[in-house]
Each structure stands twice: as structure tokens, then as C-alpha cells.
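Got your viewer open and a selection box ready? Let's walk through this one stop at a time.

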Amino acid sequence: MWNWILIIIVILTISHLIVIFNFNFIINPHEPSVFTKIFPYQFIYNLVFSNIKLNEAYFSLRVDINTSKENVKKHNQGVLELIKIANRCSIPITFSIVADFLPALSDEVIEMIDKGDHEVISHGLNHDDITEQDQLTSIKKSKELLESKFDQKIVGFIGSRGKHDPSTLKAAKKSGIKFISSGYLPHLRYWSFPYPFNKKGVWLLGGSIKSDYQLYEEENKTPEEAINIWKDAIDYRAKKGWYTQLEYHNFSTSEEKLKALEELFEYIEENENLKTITQTELIKEVE
Ligand SMILES: [Zn+2]
């Protein structure tokens with residue numbers, strides 16, 4: 001009896017190791033999530049069984065203006081520089097904005113977001129854990145506040161730190177939110193999934209490669225190293241026809257970082273395999 005259990009455990013362990021090896025070296029060598037590197041089954045399921053086929057390898061840039069009112073004020077110049085570079089390279093930005101921090105945004109930033117090809121999604125009413133709030137009230141209110149400030153309809157949401165739960169999906173749907181821009185559910189780590197997918201009437205976007213926070217703050221990469229990692233990951237996903245999104249929250253005005261950003265944006269603009277898109281437009285494509 002115990003022999004059989006032992007044999008089964010050994011077989012399962014070897015199979016799992018083979019899957020991990022194949023995933024990390026062949027299927028997706030640029031996986032940003034440690035969890036998915038070790039348990040890639042949900043990713044593989046999305047890859048194999050997604051009935052969404054994208055006509056193009058889409059790329060979207062999501063910029064989070066967040067954490068606190070003070071930070072929003074402090075980063076005013078950095079945000080303006082970033083928009084200018086994106087405009088020069090014709091890259092539309094999906095801005096995720098915390099509604100409570102709206103008063104800290106300068107008129108100049110609001111105008112530049114509104115008059116460009118950029119869009120706004122809700123990053124919540126505040127920057128606290130959405131799952132610990134009255135989710136419907138919080139999402140609805142954030143949407144109303146953002147819509148009163150921007151000349152756009154808000155149909156996207158992202159929870160603080162990407163956290164949400166099944167109740168968030170219900171609240172989002174009731175509030176007229178069509179998609180959640182990456183993150184994870186308690187039982188589903190879809191951060192880097194190749195294709196958007198629909199859960200209970202709400203679209204969930206994965207597509208993430210390593211963020212600037214991961215590369216600059218956690219891995220201490222130089223701007224030059226970061227650019228090369230992004231280029232490799234973006235190019236790899238584009239060739240596979242997968243959706244890719246880069247989450248960016250670095251508003252440094254250092255010449256080195258701005259130059260690196262411009263180099264990356266130029267690379268994206270010139271990459272024939274890629275089509276840049278806002279996340280709301282992407283949802284229209286898959287709907
Ligand atoms: Zn945030």
C-alpha cells in the first residue's frame with residue numbers, strides 16, 4: 001500500500017518538475033510572477049483553452065498615479081514628462097487614478113490626459129484594500145468622481161496592489177465597469193495570462209511583464225538593464241501574439257531614466273509585431 005503511495009508521489013513530483021521546466025524555459029521565460037513560475041497551470045489553461053484569439057499582438061501601458069496625495073503632487077513634473085514622451089511616440093496611456101487623490105492632480109496633467117489619446121480607469125476611491133470596503137459604493141463613487149473631472153466614461157478598474165475578490169467582480173459589473181486591469185483573485189493568479197478572459201461578465205486582463213517597481217526597486221536594475229529586460233519580454237510575447245501590458249509608476253525626472261523610457265517607447269512604436277492600444281479599446285476588440 002505505502003509503496004504505491006510513494007510511487008504516485010514520485011511520479012507526480014517528476015511530472016510537476018517537467019511542467020515547471022517546460023514553462024520557464026520554453027513556454028514563458030519572461031514570467032514575472034514567482035507563484036506562476038512554480039504553479040504555471042492556470043497560465044497554461046488560459047493559453048490552451050482561451051477561445052479569445054487576438055487579431056494583433058496588443059500592447060498597453062498602464063500608469064498608476066497613486067499611493068498618496070503628497071506623492072501625486074510631488075510627481076507632477078514626472079507625470080508631465082512621461083506624457084510628453086508617450087505623445088512623441090504615439091503611445092496611448094491607460095492612467096489608473098485614485099479618486100480621493102484627484103484634488104492633487106494639476107490642471108495641466110488633467111488637460112494633457114484628456115486631450116491626448118490617453119484614458120483613465122479607476123484605481124478605487126482610496127488606496128486601501130478594496131475587499132475590506134463596501135465595494136459597490138466605493139467603485140461607484142470613484143467612477144462618478146473621475147467622470148466629473150475627465151471628459152471620458154470610466155469602464156476600467158484596478159484594486160490597490162491588484163487585489164480583489166469575487167464580490168469585486170459583482171460590484172464592478174453593477175457599476176458599469178467592464179474590465180479589471182490585471183491583478184489576482186484569491187484563487188486565480190492571472191497577472192501574466194496571454195489572453196484577456198471573461199469572469200462573471202467582467203473582463204480580466206493579464207499580460208503583465210515585470211513592472212518598473214520590480215526592476216528598479218526590488219531588483220535594483222539600472223535603466224539600461226531594465227530597458228533590455230522589457231524589450232526581450234515584449235518582443236517575446238508579441239511574436240506569440242499574446243497581449244502585453246507594462247505597469248509603470250516611476251516618475252523620476254532623472255535624465256537617465258527619461259532617456260531610457262524614450263528609448264523603450266520608440267522601440268515599441270517601431271516594433272511591427274506590436275499594436276499599441278488603450279485597455280478600453282482592447283476590450284472593444286475582444287467583446
Ligand atoms: Zn496602487
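Before the first stop, one definition: a residue counts as buried if 20 or more other C-beta atoms lie within 10 Å of its own. Also keep in mind that this is a predicted model.

**Stop 1: strand 2**

Select residues 93–97, which make up strand 2. How many of its residues are buried? Five of the five are, so far as that cut-off goes. Now look at where the side chains go: I93, F95 and I97 point one way, while T94 and S96 point the other way. That fits a general pattern, since side chains in a regular strand alternate between the two faces of the sheet.

**Stop 2: the neighbours of strand 2**

Add residues 57–65 to get strand 1, which runs parallel to strand 2 and is joined to it by five bridges. To find your place, pick L61 and look opposite: I93 of strand 2 is there.

Next, add residues 119–122, which are strand 3. Strand 2 and strand 3 also run parallel, with four bridges joining them. Two handy markers here are T94, which stands opposite E119, and S96, which stands opposite I121. Which residues of strand 3 share a direction? E119 and I121 point one way, V120 and S122 the other, and all are buried.

**Stop 3: helix 11 and helix 5**

Time for some helices. Two packed helices are described by the angle between their axes and the distance between the axes.

Select residues 255–270 for helix 11 and residues 76–88 for helix 5. Their axes come within 9 Å and cross at roughly 30 degrees, which makes helix 5 roughly parallel to helix 11. The crossing is right-handed. To see the contact, show E81, L82, I85 and A86 on helix 5, and L258, L261, E262 and F265 on helix 11. Colour them by class and you get six nonpolar, two charged and no polar residues.

**Stop 4: helix 11 and helix 10**

Keep helix 11 on screen and add helix 10, residues 223–240. Here the axes come within 9 Å and cross at roughly 15 degrees, so these two are roughly parallel to each other as well. Helix 10 passes helix 11 in a right-handed crossing. On the helix 10 side, the contact is made by P223, E224, A226, I227, W230, K231 and I234. Helix 11 brings E256, K257, A260, E263, L264, Y267 and I268. By class, that contact divides into nine nonpolar, five charged and no polar residues.

**Stop 5: helix 7 and helix 8**

Clear the selection, then pick residues 135–149 for helix 7 and residues 166–174 for helix 8. Are they roughly parallel or oblique? The axes come within 9 Å and cross at roughly 45 degrees, and that makes helix 7 oblique to helix 8. Helix 7 passes helix 8 in a right-handed crossing. Show Q135, L136 and I139 from helix 7 with S167, T168, A171, A172 and K174 from helix 8 to bring up the contact. This contact has four nonpolar, three polar and one charged residues.

**Stop 6: F197**

Last one: zoom in on F197, in strand 6 (residues 197–199). Is F197 buried or partly exposed? F197 is partly exposed, because 19 other C-beta atoms lie within 10 Å, and a buried residue needs 20 or more. Leaving out residues up to four places away in sequence, F197 touches N46, S50, I52 and L204. To finish, select G183, 14 residues from F197 along the chain: the C-alpha atoms of the two are separated by 13 Å.

Methods:
Residues are numbered from 1 along each chain as its sequence is written. This is a predicted model: local features need pLDDT of at least 70, side-chain atom pairs count only at pLDDT 80 or more; totals for chains, interfaces and linings use all residues. Axes are lines fitted to C-alpha atoms, for helices over the stretch in contact, and angles run from 0 to 180 degrees between N-to-C directions. Angles under 35 degrees count as roughly parallel, over 145 as roughly antiparallel, 65 to 115 as roughly perpendicular and the rest as oblique. A crossing is left-handed if the near helix is turned anticlockwise from the far one by less than a right angle, and right-handed if clockwise. Two residues are in contact if their C-beta atoms, placed from the backbone, lie within 7 Å. Ala, Val, Leu, Ile, Met, Phe, Trp, Tyr, Cys and Pro count as nonpolar, Asp, Glu, Lys and Arg as charged, and the others, Gly among them, as polar. A residue is buried if 20 or more other C-beta atoms lie within 10 Å of its own, exposed if 12 or fewer, and partly exposed in between; C-beta atoms are placed from the backbone. Two strands pair if DSSP finds at least two bridges between them.
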